[in-house]
Amino acid sequence: MTSEADTRANFIDPALAAAGWSAGQIRREYHFTDGRKLAGNQRGSRCFVDYLLHAHNRHLAIIEAKKRNAHPTEGLQQAQAYAAKLRVRFIYATNGERIYAFDMEEGRGDYVSGYPSPQQLLARCADNTTHLAETLRAIPFHLEAGFAPRYYQELAVHAATDAIGNGEQRLLLTLATGTGKTFIAFQIVHKLFQARWNRQQPGSRRPRILFLADRNILADQAINTFNPYEKDLVKIDGDEIRRRNGVAPTNAHLFFAIYQAIAERENIGGYYKEYPADFFDLIIIDECHRGAANNEGSWRAILEHFAPAVHLGLTATPKRTDNIDTYNYFGQPAYEYSLKDGINDGFLTPYRVKRIRTNLDELVLTADDEILKGESTQDLYDTNDFDNKIIADQRTELVAQAILANINPLEKTIVFCTNQNHALTMRDMINKHKTLADPRYCVRVTSDEGKPGRDLLERFQDNDRDIPTILTSSQMLTTGVDARNVRNIVLDRAIGSMVEFKQIVGRGTRIFDGKDYFTIVDFRGATNRFYDEDWDGDPVAVDTPPVADVNEPPPPYEGDQGDDSGRHAGEGGAAEDDAPPEKLTVRLSAARELKVIDVEIRYIDENGRPLSAQQFVERLMLKLPGLFSSAEELRETWSDPDRREALLQKLAQTGFDAEQLATLRRMFAAEQSDLFDLLAFLAFEQPMETRRARAEATRANNAFFNQFEQQPARDFLYFVLNRYEETGVAELARDRMPGLIKMSGLGTTRDASRAFGGSPANVLAAFRGLQHALYQPHEMG
């Protein structure tokens, strides 16, 4: 019987060579994802295709190979999914005897006699592209040694350069936070530089490019990415212009600026007007959905002034009703890559939710509560009212204590608060109840802190530092902060839009070694947005007018929710916290018992939706039949420490790690039972026993213990049973044996061998035999 490898070697490879494909145009077993992150530093399955045919930096076709006696199209559906991800138009499914060709663009296929040549596929795939677009594709990426772009980054760069090469003046790239938008922008710029593209006379000079951000930290991070061109870049700000005696810099090709620094402000003309309208060939607008200024006219005026340039928008936010103006201006994205894709591909970190409720989530003031400021205007206050309409520091203190109780002390954590004053109080309450002595354990980082705050943020971003560990903020950290080791995102404020919610979730998604997931700790119900049909699904189809004419002004900036815009001190604009009406401030009665009443852990499925307890159990029960077929098979597997460990790894790979299984035990009040009993109950309706009952029944098994002549041997096995009864099945792992021998007082491994007849193998055999006896059926008391 021939194998799939035989099909490749004996049929596909010779046929490709005969069709004119060279070795450099064929990628065999092309893996293009890393596999979803799982617990214990494990990974799910990686996506790969048997063959990827390419030429001129363009993916042309996928070949899906099957063994000779399989149907040729057996793997077609999976190949179609991979072709969609890789933007490949043609699929060839074959068993060596027959070849089925499928066209993704036309949605149909048929059997063919052979493979087309590279030239034939190129003619069909690139028939509408210009010479400039092909030239830009052919320019290699600028890569550090040993680094390669991810598949979606490569596709995004080519989509942008194709659009520029084809003469489009407005284009948009939509990629989830943490997927490398700035890296993509750099590669686009690099290709344009190498081609000496410009709008006036292509080939005559490098283009002049303006990179616009709305925060200094974002602009500075971008400058770091563009470091290979550091001698040809400049940042436009007041300091730079003062150094040049009031003259705006022009002697560079890469210009970086934040809107606030170059826009018009009260009594100050905008620096952007120092440049002719046609000075820049390309403007890159980072986080373009934000509009990037609190002044409605700023972003409109800048892009309107530089209307002749190509405008490239970067955003992490798919099209929604609350950012429709962005899509009206730029048009449909040239390329999209969602948060869901990034997590399932293994390039972003999965998350879970801890929804924490307190008995102050609804507050009715009584005569025993003291009003310190303002006056009460309503009978009932809910979570959205706190720190907006009513300030109760005791609630903030309760939340601070709950935060510390639900995170590990040295896990990097960002706490999003309602406003800057709330962030101050939260910082103080966390530091009041922390267990670590460092004075900078928890710090506030908002725009009010200026440079000292930015310095603290840089220390937080440094993965080699533990301090500061917790940051409190309101708006400043919602976008663009690259802190890879963030383990917790705490939400103690309402979130005004899906756009903002996605940005905040993105603070935790970056990959870091040993970070299997991050946790969203929610005190306000903000994570209910996960249940919204707009959450990370396909971009919503909103009825919109045709894409704006290139000379039409950009949309007005609509502003962000909250009062901390994230601008740094000295970047212009009015003070962020204008004096609001006096808020109601109360001191709650000492007679009130303030407490957390519920901590609900919600795990997230592969589509980004939280699972209810019932859904969680149902998913597990669907997976169990594929792992064992009978209660006896489960018992035999569980009785052997090596086979049990393999089963636990399979459970983790199907999405049920040790922590999730512990949650499942709590759901069924089975904390005192073995996980074996819970699995047997769920899969086969077997009655559950406690660990104590199992241990007592095994102690009573004289036939088992009497086979060991020496009392130290029997005492050791009784000790193992005691440890199992106290702490669970983890004590029965093979790698626990040396520690158990030492803890039992038996001595060294050599001493243990003497107790069991002189051989280390006898110790292991007794350890296994004890477990076999432990899991045997017996009469339940």
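**Strand 10 and E411**

Reader: Which strands does strand 10 pair with, and in what sense?
Author: This is a predicted model. In it, strand 10 pairs with strand 12 (residues 254–258) in the parallel sense, over five bridges. Strand 10 also runs parallel to strand 13 (residues 282–285), with four bridges joining the two.

Reader: OK, who's the bridge partner of L210 in strand 12?
Author: That's F255.

Reader: And what stands opposite I209 in strand 13?
Author: L282 does.

Reader: Is strand 10 mostly covered or mostly open?
Author: Mostly covered: strand 10 spans residues 209–213, and five of its five residues are buried.

Reader: Which residues sit on which side?
Author: I209, F211 and A213 are on one side, while L210 and L212 are on the other. Both faces are covered.

Reader: Why do they split up like that?
Author: Because side chains in a regular strand alternate between the two faces of the sheet.

Reader: New topic. Where's E411?
Author: E411 is in the loop that links helix 13 (393–405) to strand 21 (412–417).

Reader: Buried or exposed?
Author: E411 is buried, yet it has no salt bridge.

Reader: Why no salt bridge?
Author: The nearest side chain of opposite charge, R487, is 5.1 Å away, and a salt bridge needs the charged atoms within 4 Å, so R487 doesn't qualify.

Reader: So what does the E411 side chain have a polar contact with?
Author: The side chain of N408, at 3.0 Å.

Reader: And what does E411 touch beyond its neighbours within four places in sequence?
Author: E411 is in contact with T469, R487 and N488.

Key. Residues are numbered from 1 along each chain as its sequence is written. This is a predicted model: local features need pLDDT of at least 70, side-chain atom pairs count only at pLDDT 80 or more; totals for chains, interfaces and linings use all residues. Side-chain values use heavy atoms; hydrogens and water are left out. Buried means under 20% relative accessible area, exposed over 50%, partly exposed in between (1.4 Å probe, protein chains only). Lys and Arg count as positive and Asp and Glu as negative; His and the chain ends are not counted. A polar contact is a pair of N or O atoms within 3.5 Å; within protein, one must be able to donate a hydrogen and the other to accept it, and residues adjacent in sequence count only if both atoms are side-chain atoms. Contact means heavy atoms within 4.5 Å. Two strands pair if DSSP finds at least two bridges between them.
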